[in-house]
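Good morning, and thank you for joining this session. I would like to guide you through one structure, beginning with a protein surface and ending with a pair of helices.

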There are 2 protein chains.
Amino acid sequence: MMGSMSKQPKYQQVADALRREIDKGTYGPGSRLPSEAELAARFEASRNTVRSGLGLLVSQGLITSSQGLGYEVRKHEIFELNASRFENLNFPQNGDAYSTDVTNAGRRPHQTFRVEVTTMPEDIAQRLRVETGSRAVLRFCHRFVDDVPWSTQATHYPDWLVREAPRLAEPGDVAEGTTRYLASHGIEQIGYADEIATRMPTPDEARLLEIGPGVPVLLWTRTGYTAERPVRCTITTFRGDLNRMNYEIGDLSARNENDAQ
Amino acid sequence: MMGSMSKQPKYQQVADALRREIDKGTYGPGSRLPSEAELAARFEASRNTVRSGLGLLVSQGLITSSQGLGYEVRKHEIFELNASRFENLNFPQNGDAYSTDVTNAGRRPHQTFRVEVTTMPEDIAQRLRVETGSRAVLRFCHRFVDDVPWSTQATHYPDWLVREAPRLAEPGDVAEGTTRYLASHGIEQIGYADEIATRMPTPDEARLLEIGPGVPVLLWTRTGYTAERPVRCTITTFRGDLNRMNYEIGDLSARNENDAQ
DNA sequence: GGTATCAGCTTGTACCAACAAGTTGAGCAA
DNA sequence: TTGCTCAACTTGTTGGTACAAGCTGATACC
């Protein structure tokens, strides 16, 4: 008999076996797993041991659990973001790429706004070449798609810029969009430096984005430059399981002309 | 007394308290936390409860644990990758941006190579506009920095391309670099489509990259185009805790001229 | 029919106990 | 000094128990 030719701990065997069955399709996306008690019987392990194995899969983002309901295989649905186009050009009207992108995808966008006068955190101050702790205006945005939390966006503006463009410090949306508003005051952004990183969410982020365990966040930091200097820094925090960033570099006419799907 | 004005479960209180102390600097990067037994005494909880709280912080990537040693606050050291420059131009000699980037950063690069003849997976086939399951050459690369696993890179080449540039299918490195070799056969890449995503690693990835729990991976998919069609697709898997991707868009002369640190 | 309750399922939290396994340093022996 | 052993720490694994809390459907009641 094949008894215990295994060096691995039992909870890992449980996790591996379930992972294989999920990959194989025995349990498809959205379907429910057997209950802890059933799994305990099947693997001849205690409920605690089975819970350890299931906990592994949860923290790997493969399944979710809900009290009273059971364990469910996570389904993946991702949203594409085109980050390499410019922001300021020919956008129809109010606001940003986000609303148009989401609407074009046939989804319903929704966002809440907040404006604060605060001080520059160190990392932002470095990027904007101003002093840490100097005055700054923070415009914060919490975005939803079909009422599902999608991303948060925090843009810091240095004090010298706010003095030239005072409406940045006023609460509420800037109707024509901040980029256009800045351009009308002679601040034209002609270059962006983007940084992309990933990590596990902080408890705050997990709460705002309603992220379950095992889902990382995607951090997008964009610093906008005029011909002379950096003018603003935007940090967007995405749910990693729902978003993908796209960049186009060089000449991609071969891709875009024949949209052979 | 402030008894139990708390709705939160005890293991969360433990995790929150420790997270605050780590943020505050009570336990700095690299320092050791008190042992489970000490924490149990301090929080008046059982060892299991304390373990649950510590497990949270581990799966959030804030601390690590090693048997016999204890828990340690993770230190963060990130490596910057400039993804927006072209690959083919004026690189000195053998191989890719990776070696030069790492060497310039004063670190020691090291990589292992593997070449396979295989079939096209569905997602790659779509990007390269060939049939799923058709013949493909896979060049796989496992990269280290100072002997620490850093990333894996898998590039798929379609069959039609390999027939024009047969050395792609031969094992071992292409001395002058694949991009240059392709250009010498009339395959000049003039555009790249990049996609960036994140998720928790699969067990295979966790093994290859020696990733602990609570660390996501950063997935970078680059499809190279000639003027006529896509020619190759590279998927790079980075350790999310050690890497950050940078893109430059538009005119950034204001950033690059005065390298005010 | 509509509604309220509740039994019986599910997972979540918390504790206890015992032993396995990795690490370290004290202290003894050669 | 050098090297070995081992006790005393650490976390890892696995079992047990009990109760809390969320969900669902059947049942009884109005």
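Please note at the outset that this is a predicted model. Let us begin with B:Tyr11, where a polar atom of the side chain sits 2.8 Å from a phosphate oxygen of DNA strand C. Chain A offers comparable examples. A:Ser65 places a polar side-chain atom 2.7 Å from a phosphate oxygen of this strand, and for A:Tyr71 the distance between a side-chain N or O atom and a phosphate oxygen is 3.4 Å.

How many residues surround DNA strand C? There are 21, and the closest are A:Arg47, A:Ser65, B:Lys10, B:Asn48 and B:Thr49. By class, this surface comprises 11 polar, 5 charged and 5 nonpolar residues.

Which part of the strand faces the protein? Of the DNA strand C atoms within 4 Å of the protein, 62% belong to sugar or phosphate, and the rest belong to bases.

Several elements supply at least two residues each to the surface: from chain A, helix H3, strand S1 and strand S2, and from chain B, helix H1 and helix H3. The largest share, 3 residues, comes from H3(B).

Finally, let us turn to two helices of chain A. Helix H1, residues 10-24, packs against helix H2, residues 36-43, at an angle of about 110 degrees, and their axes are 12 Å apart. H1(A) is therefore roughly perpendicular to H2(A). From H1(A), A:Lys10, A:Val14, A:Ala17, A:Leu18 and A:Glu21 meet A:Leu39, A:Arg42 and A:Phe43 of H2(A). This contact has 5 nonpolar and 3 charged residues, with no polar ones.

Technical notes:
Residues numbered from 1 in each chain as written. Chains lettered and ligands numbered in written order. Predicted model: local features only at pLDDT ≥ 70, side-chain atom pairs only at ≥ 80, totals over all residues. Heavy atoms only, no water. Near = heavy atom within 4 Å. Polar contact = N/O pair within 3.5 Å; in protein donor to acceptor, adjacent residues only side chain to side chain. Helix = DSSP H or I, 4+ residues; strand = E, 2+ residues; numbered from the N terminus. Nonpolar A, V, L, I, M, F, W, Y, C, P; charged D, E, K, R; others polar. Axes fitted to C-alpha atoms, helices over the stretch in contact; angles between N-to-C directions. Parallel < 35°, antiparallel > 145°, perpendicular 65-115°, else oblique. Contact = heavy atoms within 4.5 Å.
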